[in-house]
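Colleague: I have not worked with this protein before. Could you take me through the model step by step?
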Amino acid sequence: MNDFKHNRVDLSCQDTLSGMKNLPDNFFDVAIADPPYGVSTASTWQIDQGHGLNGFGGAWKLATHSWDKLSGLENFEFTMCWLAELKRLVKPTGSIWLHSTYHNSGIINVACQILGLEIINEVVWYKRNAFPNLSCRRLTASHETILWVHTGGTHRQYYFNYEEVKAAVFENDNFKESGKQLRTVWDIPNNKDKTELKFGKHPTQKPLRLTERMLLISAKQDGRLFVPFMGQAQKLSRACVMV
Ligand SMILES: C[S@@+](CC[C@H](N)C(=O)[O-])C[C@H]1O[C@@H](n2cnc3c(N)ncnc32)[C@H](O)[C@@H]1O
């Protein structure tokens, strides 16, 4: 296992379930999970290392890796396990953000309901520059689903930075008007600048602006963030804790 500490960031390369089991209850204020989508269909397909990844929208098969090859039931069981751990780790005053596509969004939604994680909002991340559909047999997938959930049950103690979010202006987001409430459709092109790619590329890397928006909504100053699935194109990725 490789551990890495830098300033206020701890990076740990291990199986996320084993890693989470060693962390104490109510340790985090916010968690952002980008789990395997269960999209892989081809066993030998590997991402072309020369792929630029800009505008990497609906080309799901490019994300084919062994860690993603889960049957529906395996995916459900795995999802129940890591979500139950997240429920234990995130404070009732905190938030959990869950990325998904149509391949696994149903599984995650059902798992949240079974575990008593209340869904605050279902956000549609609209990717106006989504990759065209290469098979020409489907519509171009141009969005992903993000669930914003909390662990506090009926008490609803989760932090929401309402006023600042309402006042915010997000450059290039055609749906957000300054001074108006933020809607559940976020217009954020799926591209990354050079600084975001300087530590390597991953087919499902999210633009920083997406994460910044989640933190603006739900994170308090000096809170603790947990990211259980950080990109590595092999079986195990890195889990990251930021304080
Ligand atoms: C959809 S990708 C998320 C990538 C992330 N958005 C990024 O840019 O770093 C899912 C990640 O989960 C990792 N993963 C899958 N199963 C895991 C496990 N049991 N423990 C830790 N990581 C795992 C994979 O290696 C992959 O990097």
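Colleague: Among contacts between residues at least 6 apart in sequence, what share joins residues at least 24 apart?

Modeller: The share is 71% in the protein chain, counting contacts between residues at least 6 apart in sequence. Please keep in mind that this is a predicted model.

Colleague: How many helices and strands are there?

Modeller: The protein chain has 6 helices and 9 strands.

Colleague: And what percentage of the residues count as buried?

Modeller: Of the 243 residues in the protein chain, 44% count as buried.

Colleague: Let us turn to the helices. At what angle do helix 2 and helix 3 pack?

Modeller: Helix 2, residues 72-89, packs against helix 3, residues 105-115, at about 45°. Their axes are 9 Å apart. The angle makes helix 2 oblique to helix 3.

Colleague: Is that crossing left-handed or right-handed?

Modeller: The crossing of helix 2 and helix 3 is right-handed.

Colleague: Which residues make the contact?

Modeller: Helix 2 contributes Gly72, Asn75, Phe76, Thr79, Met80, Trp82, Leu83, Ala84 and Lys87. From helix 3 come Ile107, Ile108, Val110, Ala111, Cys112, Ile114 and Leu115. By class, this contact of helix 2 with helix 3 has 12 nonpolar, 3 polar and 1 charged residues.

Colleague: Now the interior. Which residues touch the most other members of the largest nonpolar core?

Modeller: They are Trp82, Leu83, Leu86, Ile96, Leu98 and Cys112, in a core of 21 residues.

Colleague: Which elements give two or more residues to this core?

Modeller: The helices are helix 1 (16-21), helix 2 and helix 3. The strands are strand 3 (28-33), strand 4 (90-100), strand 6 (143-150) and strand 8 (225-230). Apart from this core lies another one, of 16 residues, among them Ile32, Trp97, Ile146 and Ile217.

Colleague: Going back to Cys112, what is it in contact with, leaving aside neighbours within four places in sequence?

Modeller: With those neighbours left aside, Cys112 is in contact with Leu83, Leu98, Leu117, Ile119, Leu147 and Val149.

Colleague: A change of topic: the backbone. What is the phi of Arg156?

Modeller: Arg156 has a positive phi of about 45°, although it is not a glycine. Most residues other than glycine have a negative phi. Arg156 sits in the loop between strand 6 and helix 4 (162-167).

Colleague: What about Asn172, and where is it?

Modeller: The phi of Asn172 is also positive, near 75°, in a residue other than glycine. Asn172 belongs to the loop between helix 4 and strand 7 (185-187). Asn172 counts as partly exposed because its relative accessibility is 44%.

Colleague: Val169 is in the loop between helix 4 and strand 7 as well. Is Val169 buried or exposed?

Modeller: Val169 is exposed, since its relative accessible area is 61%. Its C-alpha atom is separated by 8.2 Å from that of Gly179, 10 residues apart along the chain.

Colleague: And Pro203, buried or exposed?

Modeller: Pro203 is buried, with a relative accessible area of 8%. Pro203 lies in the loop between helix 5 (194-197) and helix 6. From Pro203 to Gly231, 28 residues apart in sequence, the C-alpha to C-alpha distance is 8.6 Å.

Colleague: One last residue, Ala219. Where does it lie?

Modeller: Ala219 lies in the loop between helix 6 (208-218) and strand 8. With 24% relative accessibility, Ala219 counts as partly exposed.

Colleague: Which residues is Ala219 in contact with, leaving aside neighbours within four places in sequence?

Modeller: Those neighbours aside, Ala219 is in contact with Val30, Tyr159 and Met214. In addition, the C-alpha atoms of Ala219 and Ser95 are separated by 8.0 Å, while the two residues are 124 residues apart along the chain.

Note on methods
Residues numbered from 1 in each chain as written. Predicted model: local features only at pLDDT ≥ 70, side-chain atom pairs only at ≥ 80, totals over all residues. Heavy atoms only, no water. Axes fitted to C-alpha atoms, helices over the stretch in contact; angles between N-to-C directions. Helix = DSSP H or I, 4+ residues; strand = E, 2+ residues; numbered from the N terminus. Parallel < 35°, antiparallel > 145°, perpendicular 65-115°, else oblique. Left-handed = near helix turned anticlockwise from the far one by under 90°. Contact = heavy atoms within 4.5 Å. Nonpolar A, V, L, I, M, F, W, Y, C, P; charged D, E, K, R; others polar. Core = buried A, V, L, I, M, F, W, Y, C linked by side-chain atoms within 4.5 Å. Buried < 20%, exposed > 50% of the residue type's maximum accessible area, 1.4 Å probe, protein only.
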